[in-house]
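These are my notebook entries on a two-chain model. I set down what I looked up, entry by entry.

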Amino acid sequence: MTDLFTVARKEFLDLRRDRLFLIVISFLTAVTLVSVAVGAADFRAQLEAYNRYVADLAAAGTGVVPAAPQLFPLQLLRGGIEYLEILGALFAIVLGYGTVAKEKHRGTLQLFLSRPVSRFAFAGGKVAGLSAVWLGVVLLLTAFSTIAVITIGGGAVTGVDLGRLAITACFMWLYLVFWTALAVGLTSLAARLSTGLIVALVVWLAFVLVIPQIGDTMDPDNQVPGGLFAALQIKKSDELGVLAQFAGFDGIRNGLEVSSITKHFERLSFAFLGIKAQYNGQSIPVVWAAMLPYAITLTVATIASVIFSAVATTRRTLQRKQS
Amino acid sequence: MMNVFFASAQQEMLSVRRARIAHVLLAVFLGMVSVSSIIGWVTTTTVTSVYEKILAGGLTAAPNPFTGVPALYYARNSVIYVILIGALMAIVLGAQATLRDRKSATTSLILSRPVGTPVRLGGQLAGLGIVIFTVLAISMAINWAAISVITRAPLGTDATLRLLGFAACAWMLLMIFTIIGMLGGIFSKRETTALLVPFVVWSGLTFVVPQLGTAARPVALLNPVPILAPTGGPFDLLAAITAPLSITEQFKRAASILLQDPNVSGNPLSSVIVLIGFLLLATIVVTLVPRQKLRSALND
């Protein structure tokens, strides 16, 4: 265990001094803040348009006024969550790759393996160190996002909202650890370092971008701008009744979506932050009960990824021909 | 000089042919573009069935939104695969091209000969351009055949020319990302950064820049149709500034018009000009790389 902690501590210190890591995290923070600012500006533009419309109605002497757009502060984080889904996973892969690659390039791996270290010290230490770093990053991102929602977005954040944010932060952390551990395992397995990175990137491309995109494409309601059922003026109950007759197609579509861990993370975070209309305003226990299957799969997937990295990172795989 | 140019191009094509990972990426791209027509067809057929059920139930009197959609509608998903898979493939090919010389330390040997940097890099770029052209040609041929089978009639001259126009736009976009990858391979001190920086640039161009002007969420930008900017607030100004820089959105616009997507109208010329402008600029930048820079060693 001492070996493992030593490796983890060294990894933590290494990354604290790593300029690439700083650039990556700064970029992720910046885009999260930008998305809050853009979301807030979009809401203000909607409100201005609404006020103009109401003024026009009043001038025309119409008494019926439509409901004003309402700001749900945590919904301003939608863009930030989507950035974390896409870019956070990408950066987690790059850091996972980098942690193995640097030891191989510098020749420190041979030195490390010449010592009487335990079987899981290298992989376990690396993943533990990176997990600690990601925990710090998630805390930082959550703090910045909350401040941005209050200051830039002009929203009020309640104690319950902070609880929702804390739960979402836990899932963010699991999601990032999943990708980092996967990259550590794939890089260790690959004879050429660049192959390990590119294979991890292909997996990222498939599961983060392509599969969810196919699922979205196959959604009947995404075929027409504004939604097919809205365009045809179909009520929700009728919509569900019609779709029930296409359960097979919808099953395949949903199956594609849930085969991606990104969708699990997205559904969880959108539910807890009230981004998904169905869960907006629901209490945390109600959302938790509905989201439990996704929470279990995300946790199990992360544990599996960590185990994979530990099993794949052996003396033999690490000492294979280098690029 | 031309000999060096052709030799560099030929060597680049040979290297891609030998690189297994390049094959994987090319296969993924070809596979996805090929199945995109089938995905489009299955979805359109299902949505038409959904509409017919709604109509039979007397729930709507609106016309079927898919009545009269052009045959090229089935190719619309290819647009997004060019931006997602194609662009990342192009970055990897570009970065590997310039990293290869640095890793094997052959740059000094090459530059000890009377070889100009623009000729060497231009040759490599030309080689990659031919590779990407070939991949796009194959994918368009597959698309053409798939759509012809789905619509039970060979695509006509107009549709075929439109498909070729789409392929030309895709080639320009992918060449821009190839150059970004090459520059990453030249200027980065580490192999990790050589791939990461172009990926960050790609994400900036694909998600961040369009989001500033359109308020679109990142995932919404993965739709094949370009996002329209909202009006009012700061968006009028932001959209005017960011629209020409959003090359992926410009590509989507040009592609949607060429593929006759009913949701997008207008003339694709302005978007094509933006793509050409970016490609020229990127080509000039890569050919102006200082000779000394090519010799720099990798830190890892």
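I call a residue buried if 20 or more other C-beta atoms lie within 10 Å of its own, exposed if 12 or fewer do, and partly exposed in between, with C-beta atoms placed from the backbone. By that count I find B:Arg152 exposed, because it has 6 C-beta neighbours inside 10 Å.

**Basis of the entries**

I am working with a predicted model, in which local features need pLDDT of at least 70 and side-chain atom pairs count only at pLDDT 80 or more, while totals for chains, interfaces and linings use all residues. I number residues from 1 along each chain as its sequence is written, with chains lettered from A and ligands numbered from 1 in the order in which they are written.

I checked confidence through pLDDT, the predictor's confidence in each residue, from 0 to 100. Chain A has a mean pLDDT of 88, and 98% of its residues reach 70 or more. Within chain A, I find the lowest confidence in α8(A), with a mean of 75, and the highest in α12(A), at 96.

**Chain A, overall**

I took helices (H or I, at least four residues) and strands (E, at least two) as DSSP runs, numbered from the N terminus. Chain A has 13 helices and zero strands. Its C-alpha atoms fill a box of roughly 85 × 45 × 35 Å along the principal axes. Of its 323 residues, 46% count as buried.

I counted two residues as in contact if their C-beta atoms, placed from the backbone, lie within 7 Å. Among contacts in chain A between residues at least 6 apart in sequence, 84% join residues at least 24 apart.

I then looked up A:Ala67, which sits in the loop between α2 and α3 of chain A. A:Ala67 counts as exposed because it has 6 C-beta neighbours inside 10 Å. Its C-alpha atom is separated by 60 Å from that of A:Phe120, 53 residues apart along the chain.

**Helix α12 of chain A**

Where is the kink in helix α12 (residues 284-312) of chain A? I find it at A:Met291, with a bend of about 60 degrees, shortly before the proline A:Pro293. The bend at a residue is the angle between axes fitted to the seven residues ending there and the seven starting there. A:Met291 is also one of the buried residues of α12(A), which include A:Val287, A:Tyr294, A:Leu298 and A:Thr302. Farther down the list of buried residues I read A:Ser305, A:Val306, A:Ser309 and A:Ala310. The cover over the buried residues of α12(A) includes α5 (121-151), α6 (159-189) and α11 (261-272) of chain A.

**Chain B, overall**

I count eleven helices and zero strands in chain B. The radius of gyration of chain B, taken over C-alpha atoms, is 21 Å, close to the 19 Å that the globule rule gives for 300 residues, so chain B is as compact as a globular protein of that length. The globule rule is 2.2 Å times the number of residues to the power 0.38. The C-alpha trace of chain B spans about 80 × 50 × 30 Å along its principal axes. Of the 300 residues of chain B, 49% count as buried. Residues 24 or more positions apart account for 81% of the contacts in chain B with a separation of 6 or more.

**Positive phi in chain B**

B:Arg152 has a positive phi near 60 degrees, although it is a residue other than glycine. I place B:Arg152 in the loop between α5 (117-151) and α6 of chain B. B:Gln260, likewise not a glycine, has a positive phi of about 60 degrees. B:Gln260 is in the loop between α9 (247-258) and α10 (269-287) of chain B. With 18 C-beta neighbours inside 10 Å, B:Gln260 counts as partly exposed.

**Where the chains meet**

I find 51 residues of chain A in contact with 45 residues of chain B. On the side of chain A that touches chain B, α3(A) gives the most, with 13 residues. The residues of that side divide into 33 nonpolar, eleven polar and seven charged. Here Ala, Val, Leu, Ile, Met, Phe, Trp, Tyr, Cys and Pro count as nonpolar, Asp, Glu, Lys and Arg as charged, and the others, Gly among them, as polar.

**Nonpolar cores**

A nonpolar core is a set of buried Ala, Val, Leu, Ile, Met, Phe, Trp, Tyr and Cys residues joined through C-beta atoms within 7 Å. The largest has 174 residues, and those touching the most other members are A:Ile93, B:Ala87, B:Ile91, B:Cys169, B:Leu173 and B:Leu174. Helix α6 (residues 157-187) of chain B gives the most to this core, with 18 residues. I followed B:Leu174 and, not counting residues up to four places away in sequence, found that it touches B:Val82, B:Gly86, B:Ala87, B:Ala90 and B:Ile132. Apart from the largest core lies another, of nine residues, among them A:Leu228, A:Val242, B:Tyr51 and B:Ile54.
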